[in-house]
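Here is a friendly walk through one protein chain, piece by piece. Have the sequence and the 3D view open as you read.

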Amino acid sequence: MTVFIVGASAAGLYTALFLKKAHPEYEVVVFDRTDKIGKKILATGNGHCNLFNQRFSGAFFNHPEFVEALLERHSAADCLAALSGLGIATLVKDDLVYPLSYSAATFVKLLGQVASKLGIVFHLGERVLDYQTGKRIKLMTDQSQYEGDQLIFASGGKSQENLGSDGSLFPVFAKHGYQIVPLSPSLCPLETKEKTKAISGVRHSAKVTLERNGTVLYEEVGEVLWKDNGLSGIAVFNASAFLARSKQNEATVTLDLFPEYSESELEKVYQSAKSRGFDPLESLLETKLTNYVKNYAETEETKQICRILKAFPFHVTGLYPFASSQVTSGGIALSQIAQNCFSKIENNVAFVGEVLDIDGLCGGFNLGFALLSSLQVVERL
Ligand SMILES: Cc1cc2nc3c(=O)[nH]c(=O)nc-3n(C[C@H](O)[C@H](O)[C@H](O)COP(=O)(O)OP(=O)(O)OC[C@H]3O[C@@H](n4cnc5c(N)ncnc54)[C@H](O)[C@@H]3O)c2cc1C
């Protein structure tokens, strides 16, 4: 049997490795439009590759029920066991799972070494353009045509085109009858109406609340990083997932800059600094942020300042572009995908990883889904 896999990043590599290990007699051929395997993996987890999460569950995804159904067939423990079956050891830091080397580069190198030992064939620098199903699968690339038996798309979303996934296959999937849930950048900074250049680069721990028309869409305490024209940081990235999924750009992010204090406790701290002759704001915030709050508040009155510090509003005007996003929200509609990740509308075609309408939060969930979905496909083959 000849199996074609489109995409030599997380989902494609996992699928190829698990499949060839289970069926050494299969011919497994992986195509990627870039000239290297695992290009995006190299950028993950700040170069450390946060590949899974010990608390992996459907709750961290846009479609919890789909992920839970996959987990019933292959648990989180199965996912990690599958990795160790390839000889890949891991380490855990606060529930986040990394390769033991704590290095995305050596992880990709290891995957490449296992792949070449197993005899997986790579066609790198070759873009898949289209395909035909029928008695056999026909795959058309920018260089040639191939015939095989099974076709697995691990072609990702549209985030960070420079790392490979450019979304160019979605019109092809649509032509084949797939519904495409509209794509949006996710896990990305948020653009705000407020000009934030003066505090660009400043970090402060805060409770981030994303709301629209009085409804809270997401809330998390984490470090906020201001950008030239908006907000970033992990809690903001996670909030962006909820904005992306809602398919509406406008919302408000309210920052509680001192979540550990009630408003009246904060007033006491502020007042006490004031009475000692300190600049009370500078005793609470770093200088650039102090000046920013002062300009915004136009008063030094304790109650008003503390109210702002507890609920500093930023009006979101949109998501940063795909080039700044870690994942893509949207993709192949799950209504057309069976729980083994094979297509319901075409024979011998499957989809794994981010190409599907599945997006997870920060913390190893997206690479984790690439792993989980690849196990489903391999089981059926
Ligand atoms: C900076 C950054 C940091 C991240 N950090 C983490 C993290 O720490 N933990 C985590 O879980 N997730 C992280 N992610 C998200 C994670 O990397 C992705 O969710 C994951 O890589 C998706 O895997 P995939 O194989 O489905 O798709 P992709 O990794 O996007 O791979 C798709 C592949 O398909 C190829 N391809 C596409 N179209 C074609 C075509 N027509 N022909 C041939 N080849 C094609 C592309 O070149 C690409 O190599 C991060 C993402 C980024 C950008």
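## Helix H7

Let's start with a length check in this predicted model. Helix H7 covers residues 234-246, which makes 13 residues. At 1.5 Å a residue they should span 18 Å, and the end C-alpha atoms sit 19 Å apart, which agrees.

Which residues of H7 are buried? They are Ala235, Val236, Phe237, Asn238, Ala239, Ser240, Ala241, Leu243 and Ala244. Right after the helix comes Lys247, with a positive phi of about 60°.

## The strands leading up to H7

Step back along the chain and you meet strand S13 (residues 203-212) and strand S14 (residues 215-227), which run antiparallel and are joined by ten bridges. If you want a pair to look for, Thr209 has Glu219 in S14 as its bridge partner. The two strands make a hairpin with two residues between them, and Asn213 in that turn has a positive phi of about 50°.

S14 also pairs with strand S15 (residues 230-232), again in the antiparallel sense, this time over three bridges. Here Lys227 is matched with Gly230 in S15. Another hairpin makes the link, taking the chain from S14 to S15 through two residues.

## Two domains

Now for the wider view. The chain is divided into domain 1, made of 2-184 + 329-380, and domain 2, which is 190-319. Their centres, taken over C-alpha atoms, are separated by 38 Å. Seven residues from domain 1 and eight residues from domain 2 take part in the contact. On the domain 1 side, the touching residues divide into three nonpolar, three polar and one charged.

## Helix H5

Helix H5 (residues 104-118) gets the same kind of length check. Its 15 residues should span 21 Å at 1.5 Å a residue, and its end C-alpha atoms are 21 Å apart, so the two agree.

Where do the buried residues of H5 sit around the axis? The buried ones are Ala104, Phe107, Val108, Leu111 and Ala115. They cover an arc of only 95° around the axis, which means that they lie on the same side of H5. There is a simple rule behind this kind of spacing: an α-helix has 3.6 residues a turn, so residues three or four places apart point the same way.

On the face turned away from that buried side, H5 carries the exposed residues Gln113 and Ser116. The cover over its buried residues includes helix H1 (10-22), helix H2 (39-43) and strand S5 (96-99). Following H5 is Gly119, with a positive phi near 90°.

## A three-stranded sheet

Strand S5 also belongs to an open sheet of three strands, in the order S3-S5-S4, with antiparallel pairing. Strand S3 (52-53) and strand S4 (90-93) stand at the edges; each has a single partner strand, so one side of each is left without a neighbour in the sheet. S4 and S5 are joined by four bridges, and Thr90 stands opposite Pro99 in S5.

Between S4 and S5 there is a loop, and Asp94 is found in it. Asp94 has a positive phi of about 50° although it is not a glycine. Is it buried or exposed? With 7 C-beta neighbours inside 10 Å, Asp94 counts as exposed, because the cut-off for that is 12 or fewer.

## Helix H4

Helix H4 (residues 76-85) has Cys79, Leu80, Ala82 and Leu83 as its buried residues. Looking down the axis of H4, you find them within an arc of 150°, so they line one face of the helix. The other side of H4 has Ala77, Ala81 and Ser84, which are exposed.

What do the buried residues of H4 pack against? They pack against H1, S3, S4 and helix H11 (365-380). Just after H4, Gly87 takes a positive phi of about 90°.

## One more loop

To finish, look at the loop between helix H9 (287-297) and helix H10 (302-310), where Glu298 has its place. Glu298 is not a glycine, yet it has a positive phi of about 55°. It counts as exposed, because it has 8 C-beta neighbours inside 10 Å.

Conventions: Residues numbered from 1 in each chain as written. Predicted model: local features only at pLDDT ≥ 70, side-chain atom pairs only at ≥ 80, totals over all residues. Expected span 1.5 Å × (residues − 1). Buried ≥ 20, exposed ≤ 12 C-beta atoms within 10 Å, placed from the backbone. Arc of directions from axis to C-beta. Contact = placed C-beta atoms within 7 Å. Domains from an automatic or database assignment. Nonpolar A, V, L, I, M, F, W, Y, C, P; charged D, E, K, R; others polar. Pairing = 2+ DSSP bridges.
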